[in-house]
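Subject: Handover of a structure

Dear colleague,

Please find the structure below, followed by an account of what was found in it. I would be grateful if you read the text with the structure open.

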Amino acid sequence: MPDPAFYTAVETRRTVRDFLPDPVPQEVLDRSLDAARLAASSSNLQPWEFVVIRDPRVRQAANAACLDQLPAKTAPVLIALVTHRETWRRNRDEILRIFEGRGPMRPSQAAYYRKIIPVIYTTGPFGLLGPLKRAVSRLASLFRPTPNLMSRADIRVMAHKSTALAAATFMLALRAEGYDSCPMEGFDPWRAKALLGLSRGAEVNMFLAVGKRTDKGVWWDRVLMPREWVVREL
Ligand SMILES: Cc1cc2nc3c(=O)[nH]c(=O)nc-3n(C[C@H](O)[C@H](O)[C@H](O)COP(=O)(O)O)c2cc1C
């Protein structure tokens, strides 16, 4: 039997654009953030960072970076979800440290993290090796199934995919807690990056406004594409 609690969270999650001023309890936020940390990520490298904006001056500038959208202005909590595409080495080392602490590693696991991950993530100075890696993969793929060895742009896409899964998990967890959210990619990426002091290899994936909906919070009824446009069996 399906778990009805899961489907209730999925079905009642809506994008909320007008929030009550009531604060979000810290334990609700913490549980939801910890749920988001469980999201799947490419090679388990967890390239995300949730920045909970508390400082009122930073918050004001973040609202402006979000183009003063209503959800940003009204939400009691605003979070910048950051994608880091250059934390792979640190995170890979942490994975190895944890695995090694648990006892002998499987050789395939050790080889994957020690040898294959650096090949995937190394793109050389200015990313110049990337197009070459991609071209080699494409050529080899003509002869046998080959993974994309990844240019810098491919790595960026990969990191954003994983981060968006963490966002989805976070929003569903909030819903299970009785809270709402609005994901926002309508923001000024350059100002947002400067505001958060992000390094070159980091970008804001999206902002997340969090709180409880007002009765005007959901702007319109759900609109879904026809099922046959989005589900195909081959
Ligand atoms: C990646 C992403 C970016 C979005 N950006 C914005 C945004 O900047 N402003 C906004 O009001 N809604 C934004 N939305 C919300 C979508 O408009 C909303 O999810 C969609 O209309 C479906 O509505 P629902 O979430 O209530 O099912 C965004 C959603 C996603 C997934």
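**Helix packing**

Helix H5 (residues 88-101) and helix H6 (residues 107-121) pack with their axes 11 Å apart and at an angle of about 180°. H5 is therefore roughly antiparallel to H6. Axes are lines fitted to C-alpha atoms, for helices over the stretch in contact, and angles run from 0 to 180 degrees between N-to-C directions. Angles under 35 degrees count as roughly parallel, over 145 as roughly antiparallel, 65 to 115 as roughly perpendicular and the rest as oblique. Helices (H or I, at least four residues) and strands (E, at least two) are DSSP runs, numbered from the N terminus.

From H5, the residues Trp88, Arg92, Ile95, Leu96, Phe99 and Glu100 meet Gln109, Tyr113, Arg114, Ile117, Pro118 and Tyr121 of H6, where contact means heavy atoms within 4.5 Å. By class, the contact of H5 with H6 holds eight nonpolar, one polar and three charged residues. Ala, Val, Leu, Ile, Met, Phe, Trp, Tyr, Cys and Pro count as nonpolar, Asp, Glu, Lys and Arg as charged, and the others, Gly among them, as polar.

Please note that this is a predicted model: local features need pLDDT of at least 70 and side-chain atom pairs count only at pLDDT 80 or more, while totals for chains, interfaces and linings use all residues. Residues are numbered from 1 along each chain as its sequence is written, and side-chain values use heavy atoms, with hydrogens and water left out.

A second helix pair consists of H1 (residues 4-12) and H8 (residues 152-176), which pack at about 105° with their axes 9 Å apart. H1 is therefore roughly perpendicular to H8. Ala9, Val10 and Thr12 of H1 make this contact with Leu172, Arg175 and Ala176 of H8. Four of the residues in the contact of H1 with H8 are nonpolar, one is polar and one is charged.

**Sheet and overall fold**

The chain has 10 helices and four strands. The four strands form an open antiparallel sheet in the order E1-E2-E4-E3; two strands pair if DSSP finds at least two bridges between them. Strands E1 (48-53) and E3 (180-184) stand at the edges with a single partner strand each, so one side of each is left without a neighbour in the sheet. Strand E2 (residues 77-84) pairs with strand E4 (residues 202-211) in the antiparallel sense over eight bridges, and Leu81 stands opposite Met206 in E4.

Two helices lie across this sheet. Helix H3 (residues 56-65) crosses E1, E2 and E4, running at about 75° to E2, whereas H8 lies across E1, E2, E3 and E4, at about 10° to E4.

**Ligand site**

The residues around the ligand, with a heavy atom within 4 Å of it, include Arg13, Thr15, Gln69, Cys182, Glu185 and Arg222. A polar side-chain atom of Arg13 lies 3.0 Å from an oxygen atom of the ligand. For Thr15, a side-chain N or O atom is 2.6 Å from a ligand oxygen atom. For Gln69, a side-chain N or O atom is 2.7 Å from a nitrogen atom of the ligand.

With kind regards

Note on methods
Polar contact = N/O pair within 3.5 Å; in protein donor to acceptor, adjacent residues only side chain to side chain.
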